[in-house]
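Hi,

Here is the structure I said I would pass on. Have a look at it first, and then read on for what turned up.

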Amino acid sequence: MSHLGPSKTASSKEQTGLRYPSNGKTIYHRPLNRTKTAELSQSSFAYLFSEMVSYAQRRVTGIQELEKRLNLQGHPIGLKLLDLLLTREPPRSQTRPLTIITLLHFIKINLWTHLFGRQADRLEKSSNPDTPDEYMIIDNEPLVARKTVFLVKFQPEVLEREALIGKS
């Protein structure tokens, strides 16, 4: 075993390990689901959703703790999905939403259509003067309940940045 044979010289074209397809589409342009219909069954989604909620409900003492746990589960998934959808946008319209309203409209239209096959029904700002940082995305026909309101609450730093962008 001491003799392994003649060593082959490297070809003049050295491979970097990265391959770029000739059509220019990378892995980020491929559908997430490889089936022809590209849909997840409603029962699978309902089961996954109910398990995530029941997992978050274990040993909570109040609604704020439940909201925090659900946020910890959904936030990383949402960021990755948002990055993926923004990457898939055509190059001429591939700009990140800079204001709160444009981001929420992107979620209401593009993200909702990607996830559920249709847009969310409404987007509303909280009418309570004590909570100007809260917005609601309303879905009248969700997959797992009768009517669902998704509360979107922004941190004070985000509102400060929004005010600075509005002034310029």
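Asp139 counts as buried, with a relative accessibility of just 2%. Bear in mind for this and everything below that the model is a predicted one. Asp139 has a partner of opposite charge: it forms a salt bridge with Arg118, and the closest N and O atoms of the two are 2.7 Å apart. Asp139 belongs to strand 2, while Arg118 sits in the loop between helix 3 (100-116) and strand 1, so this pair ties together parts of the chain that are 21 residues apart in sequence. Arg118, for its part, is partly exposed at 26% relative accessibility.

That pair has company. The count for the model comes to four salt bridges. One of them joins Arg122 and Glu124, whose closest N and O atoms are 2.8 Å apart. Here both ends are partly exposed: Arg122 has 35% relative accessibility, and Glu124 has 31%. Another links Glu65 to Arg69, with 3.7 Å between the closest N and O atoms. Both of these residues lie in helix 2, four residues apart, which is about one turn of the helix. Glu65 is partly exposed at 27% relative accessibility, and Arg69 is partly exposed as well, at 28%.

Now for a charged residue without such a partner. Which side chain of opposite charge is nearest to Asp133, and how far away is it? It is Lys153, at 4.4 Å. A salt bridge needs the nitrogen and the carboxyl oxygen within 4 Å, so Asp133 ends up buried yet with no salt bridge. You will find Asp133 in the loop between strand 1 (122-125) and strand 2 (134-139). Setting aside its neighbours within four places in sequence, Asp133 touches Val152, Lys153, Phe154 and Leu159.

Glu134 is worth a look while you are there. It lies in strand 2 and is buried, with a relative accessible area of 15%. Again leaving out neighbours within four places in sequence, Glu134 is in contact with Lys125, Ser126, Leu151, Val152 and Lys153. Val152 and Lys153 therefore appear in the contact lists of both Asp133 and Glu134.

If you want the overall layout, here it is. The chain has 168 residues, of which 16% count as buried. Its secondary structure comes to four helices and three strands, and along the sequence these follow the pattern α-α-α-β-β-β-α. Among contacts with a separation of 6 or more, 35% are between residues 24 or more positions apart.

Next, the helices at the start of that pattern. How do helix 1 and helix 2 pack, and at what angle? Helix 1 covers residues 42-57 and helix 2 covers residues 63-88; they pack at an angle of about 135 degrees, and their axes are 8 Å apart. That makes helix 1 oblique to helix 2. The crossing of the two is right-handed. On the helix 1 side, the residues that meet helix 2 are Met52, Val53, Tyr55, Ala56 and Gln57. Facing them in helix 2 are Leu66, Arg69, Leu70, Gln73 and Ile77. You will recognise Arg69 from the salt bridge with Glu65, so that residue takes part both in that pair and in the meeting of the two helices.

Between these two helices there is a loop, and Arg59 is found in it. What is unusual to spot there is the backbone: Arg59 has a positive phi of about 55 degrees although it is not a glycine. Arg59 counts as exposed, at 73% relative accessibility.

One last stop is towards the other end of the chain. Arg161 lies in helix 4 (residues 156-167). Is Arg161 buried or exposed? The answer falls in between: Arg161 is partly exposed, with a relative accessible area of 40%. Arg161 and Ile100 are 61 residues apart in sequence, and their C-alpha atoms are 9.8 Å apart in space.

That is what I have for you. If you open the model, you could begin with Asp139 and Arg118, the pair joined by a salt bridge, and then go to Asp133, which is buried and has none.

Cheers

Conventions
Residues are numbered from 1 along each chain as its sequence is written. This is a predicted model: local features need pLDDT of at least 70, side-chain atom pairs count only at pLDDT 80 or more; totals for chains, interfaces and linings use all residues. Side-chain values use heavy atoms; hydrogens and water are left out. Buried means under 20% relative accessible area, exposed over 50%, partly exposed in between (1.4 Å probe, protein chains only). Lys and Arg count as positive and Asp and Glu as negative; His and the chain ends are not counted. Contact means heavy atoms within 4.5 Å. Axes are lines fitted to C-alpha atoms, for helices over the stretch in contact, and angles run from 0 to 180 degrees between N-to-C directions. Angles under 35 degrees count as roughly parallel, over 145 as roughly antiparallel, 65 to 115 as roughly perpendicular and the rest as oblique. A crossing is left-handed if the near helix is turned anticlockwise from the far one by less than a right angle, and right-handed if clockwise.
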